[in-house]
Amino acid sequence: QVQLVQSGGGLVQPGGSLRLACEVSQGTQTIDHITWFRQSPGKERQYVSAINWKNGATYYHWSAQDRFTLSRDNAKNTLFLQMNNLQAEDTAVYYCAAAKYYSGSYERSYSYDYWGQGTQVTVSS
């Protein structure tokens, strides 16, 4: 059974940086891709960035392109989301999610099999 344990997040001023981590325990060989989503109060869960777990290819929502970077530590089975130049609109609960199969889009939150517990990111002065 795959488990995703998140860490990182917190409060940062506009223009600041944070790094989120998503540690994958057990069953990593069954994962096709892992994606970061975020959700603000009253809004739908939004796709942020995805990584093909097998070949390492990364993908970004346009709002994250050039500011966010995915990386991973293969030895620790941990995925990182480095977020730079954060703005108030980035405030949300961030989730990592893993899928066993590719559904044709990384943006379909209903297609994911496993979810992390979520971590709050607040950008405020």
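## Exercises on strands, a pocket and two unusual phi angles

Four strands make up an open sheet in the order E1-E3-E8-E7, with antiparallel pairing. The edges are strand E1 (3–8) and strand E7 (68–73), each of which pairs on one side only. On average, neighbouring strands of this sheet are turned by 20° against each other, direction ignored. Please keep in mind that the model is predicted. With that in hand, let's work through some exercises.

### Exercise 1: Walking across the sheet

Task: Go through the order E1-E3-E8-E7 and describe each pairing.

Solution:

- Step 1. Begin with E1, which is joined to strand E3 (residues 18–25) by 6 bridges in an antiparallel arrangement. To fix the register, look at Gly8, which stands opposite Leu20 in E3.
- Step 2. Move on to E3 and E8, an antiparallel pair with 6 bridges. Here Ala21 faces Phe80 in E8 as its opposite residue.
- Step 3. Finish with E7 and E8, again antiparallel over 6 bridges. Phe68 is the residue opposite Met83 in E8.
- Step 4. Now check how covered strand E8 (residues 78–83) is: 5 of its 6 residues are buried, which makes the strand mostly covered.

### Exercise 2: Strand E11 and Thr122

Task: Find the partners of E11, then describe the surroundings of Thr122.

Solution:

- Step 1. Strand E2 (residues 10–12) runs parallel to E11, and 3 bridges join them. In this pair, Gly10 stands opposite Val121 in E11.
- Step 2. Strand E9 (residues 92–99) runs antiparallel to E11, also with 3 bridges. Tyr94 is set opposite Thr119 in E11.
- Step 3. Separate the two faces of E11: Thr119, Val121 and Val123 form the covered one, while Gln120 and Thr122 form the uncovered one.
- Step 4. Zoom in on Thr122, which sits in strand E11 (residues 119–123). Its relative accessibility is 26%, so Thr122 counts as partly exposed.
- Step 5. List the contacts of Thr122 beyond its neighbours within four places in sequence: Gly10, Leu11, Val12 and Thr91. As a distance check, the C-alpha atoms of Thr122 and Asp90 are separated by 7.5 Å, although these residues are 32 apart along the chain.

### Exercise 3: Two positive phi angles

Task: Locate Asp66 and Asn77, and decide whether each is buried, partly exposed or exposed.

Solution:

- Step 1. Recall the background: most residues other than glycine have a negative phi.
- Step 2. Asp66 has a positive phi near 75° and is not a glycine. This residue lies in the loop between strand E6 (58–60) and E7.
- Step 3. Asp66 has 75% relative accessibility and therefore counts as exposed, the cut-off being over 50%.
- Step 4. Asn77, also not a glycine, has a positive phi of about 50°. Asn77 belongs to the hairpin of E7 and E8, which has 4 residues between the strands.
- Step 5. At 26% relative accessibility, Asn77 counts as partly exposed, because that class lies between the buried cut-off of 20% and the exposed cut-off of 50%.

### Exercise 4: The largest pocket

Task: State how much space the largest pocket holds, and describe its lining by residue and class.

Solution:

- Step 1. The space in the largest pocket is about 160 Å³.
- Step 2. Its lining consists of Arg38, Gln39, Ser40, Lys43, Glu44, Gln46, Ala88, Glu89 and Thr91.
- Step 3. Sorted by class, the lining has 4 charged, 4 polar and 1 nonpolar residues.
- Step 4. Link back to Exercise 2: Thr91, one of the lining residues, is also in contact with Thr122.

Conventions. Residues numbered from 1 in each chain as written. Predicted model: local features only at pLDDT ≥ 70, side-chain atom pairs only at ≥ 80, totals over all residues. Heavy atoms only, no water. 1 Å grid on protein atoms, 1.4 Å probe; cavity = no way out; pocket = protein on both sides within 12 Å on 5 of 7 lines; lining within 4 Å. Points joined across faces, edges and corners; volume = space filled by probe spheres on them. Nonpolar A, V, L, I, M, F, W, Y, C, P; charged D, E, K, R; others polar. Pairing = 2+ DSSP bridges. Axes fitted to C-alpha atoms, helices over the stretch in contact; angles between N-to-C directions. Buried < 20%, exposed > 50% of the residue type's maximum accessible area, 1.4 Å probe, protein only. Contact = heavy atoms within 4.5 Å.
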